[in-house]
Amino acid sequence: MKKLGTVIQYECVTSLKPIWVFYAILFTVVLAVSVLVRIAAGSSASGVNCLEINSMVYAGILGVLGFKDDFKMLLQNGFTRKYIFLSTISLFAFVSGIMSFVDTIVGNTLYRLVDNYNSLFNGLYGDGHMFLINWFWLFFVYMLICCLLYFIILIMNKIGKTAFIFVGAAFGLIVTIALPALFRFVLPKDFTKSFFQFFIKGAGFMANGSINFAYPILFLLLFTGILSCCSYFVIRRTELRV
């Protein structure tokens, strides 16, 4: 257990500097764009919206890069695949917690101070919600993205790049062509309607117009857990590729 704590501490501590560099670059760009927009348009609008999307991209990159270099280094230093997996999930949770906290503060502050600015959360659910709900929602969104990209890169490492490209292309065709055709021409309309209503409810939007945040948080937690279990199943059988 002490060995696991050591590797988790190493992963989390080494992740701090890139996070602050990311935010320094992001806020510098946002400030520059806002100044240019104000000079050009003479308004107090920010010129940007939904800054959380940038954090989602960062989370995706973390999910991709969180595998190969760390896996190689930790495996060669005698850490088991179980410890490597647990340390990676802990890293995702640590980074997601910090970034969701910062993004919640920044998003709500800009929403109140800057004209026409909408955070992703407020754009979807409106304002007036608790800070903790906003933070939880963003935390699980970032965790889901990290785990999804981590699972994808594990699959690519397992089956090889060539096979992965074919599988990815086939999956893309199924999602963009086969599934829409299935819902439109094959499945009963009542089933299709119920299916989409289920996911709308899963996003928290109730039929009576209210919002229930328990549903999206539980859905995000469920999908994150499924992806994590799938990733552990794959990493247990993953060999190191140079």
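Here is a walk through this structure, from its overall layout to a few of its residues. Please keep in mind that the model is predicted.

Let's begin with the whole chain. There are 9 helices and 0 strands, so read along the sequence the pattern is α-α-α-α-α-α-α-α-α, with helices as defined by runs of at least four residues. Of the 242 residues, 37% count as buried. If you look at the contacts in the chain with a separation of 6 or more, residues 24 or more positions apart account for 79% of them.

A good helix to find next is H6, which covers residues 131–159. H6 has 29 residues, and the distance from its first C-alpha to its last is 42 Å, close to the 42 Å expected at 1.5 Å a residue. Just after H6 comes Gly160, with a positive phi of about 95°. Helix H8, residues 189–202, can be checked in the same manner: at 1.5 Å a residue its 14 residues should span 20 Å, and the end C-alpha atoms are indeed 20 Å apart. Here too a glycine follows, as Gly204, just after H8, takes a positive phi of about 105°.

Now turn to the interior. In soluble globular proteins, nonpolar side chains tend to be buried together. In this model, the largest nonpolar core has 46 residues, and the members that touch the most others are Phe92, Met99 and Trp137. Two or more residues of this core come from each of helix H1 (2–41), H2, H4, H5, H6 and helix H9 (214–235). H6 gives the most, with 14 residues.

Phe92 is a handy place to see how these contacts are made. Not counting residues up to four places away in sequence, Phe92 touches Leu62, Gly63, Met143, Cys146, Cys147 and Tyr150. From there you can step to Cys146, which lies in helix H6. Is Cys146 buried or exposed? Its relative accessibility is 1%, and because buried means under 20%, Cys146 counts as buried. With the same neighbours in sequence left out, Cys146 touches Ala59, Leu62, Gly63, Phe92 and Ser96. Cys146 can also be placed relative to Leu227: the two are 81 residues apart in sequence, and their C-alpha atoms are 9.8 Å apart in space.

Cys146 also leads us to some empty space. Rolling a probe the size of a water molecule over the atoms shows where empty space is left. The structure holds 1 cavity of 30 Å³ or more, and about 30 Å³ of space lies in the largest cavity. Which residues line the largest cavity? They are Ser55, Tyr58, Ala59, Leu62, Val95, Ser96, Met99, Tyr142 and Cys146. Helix H2 (52–65), helix H4 (81–113) and H6 each give two or more residues to this lining. The largest share, 4 residues, comes from H2. By type, the lining divides into 7 nonpolar, 2 polar and no charged residues. Met99 appears in this lining and is also among the core members that touch the most others.

Other residues of H6 can be followed outward to further parts of the chain. Leu148 lies in H6 and is partly exposed, with a relative accessible area of 36%. The C-alpha atoms of Leu148 and Gly60 are separated by 8.0 Å, although these residues are 88 residues apart along the chain.

Helix H9 offers two more examples. Gly225 is found in H9 and is partly exposed, with a relative accessible area of 28%. Gly225 and Leu144 are 81 residues apart in sequence, while their C-alpha atoms are 8.6 Å apart in space. Val234 also has its place in helix H9, but at 11% relative accessibility Val234 counts as buried. Leaving out residues up to four places away in sequence, Val234 touches Phe151, Leu154, Ile155 and Lys158. For the last of these, Lys158, the C-alpha distance to Val234 is 7.7 Å, with their positions 76 residues apart in sequence.

Finally, take a look at Asn122 in helix H5, residues 120–125. Asn122 is buried, with a relative accessible area of 6%. Apart from its neighbours within four places in sequence, Asn122 is in contact with Asn108, Tyr111 and Asp127.

Methods: Residues are numbered from 1 along each chain as its sequence is written. This is a predicted model: local features need pLDDT of at least 70, side-chain atom pairs count only at pLDDT 80 or more; totals for chains, interfaces and linings use all residues. Side-chain values use heavy atoms; hydrogens and water are left out. Buried means under 20% relative accessible area, exposed over 50%, partly exposed in between (1.4 Å probe, protein chains only). Contact means heavy atoms within 4.5 Å. On a 1 Å grid over the protein atoms alone, a cavity is a set of points where a 1.4 Å probe fits but cannot get out, and a pocket is an open set with protein on both sides within 12 Å along at least five of seven lines; lining residues have an atom within 4 Å of a point. Grid points are joined across faces, edges and corners, and a volume is the space filled by probe spheres set on the points. Ala, Val, Leu, Ile, Met, Phe, Trp, Tyr, Cys and Pro count as nonpolar, Asp, Glu, Lys and Arg as charged, and the others, Gly among them, as polar. The expected span of a helix is 1.5 Å times one less than its number of residues. A nonpolar core is a set of buried Ala, Val, Leu, Ile, Met, Phe, Trp, Tyr and Cys residues joined through side-chain atoms within 4.5 Å.
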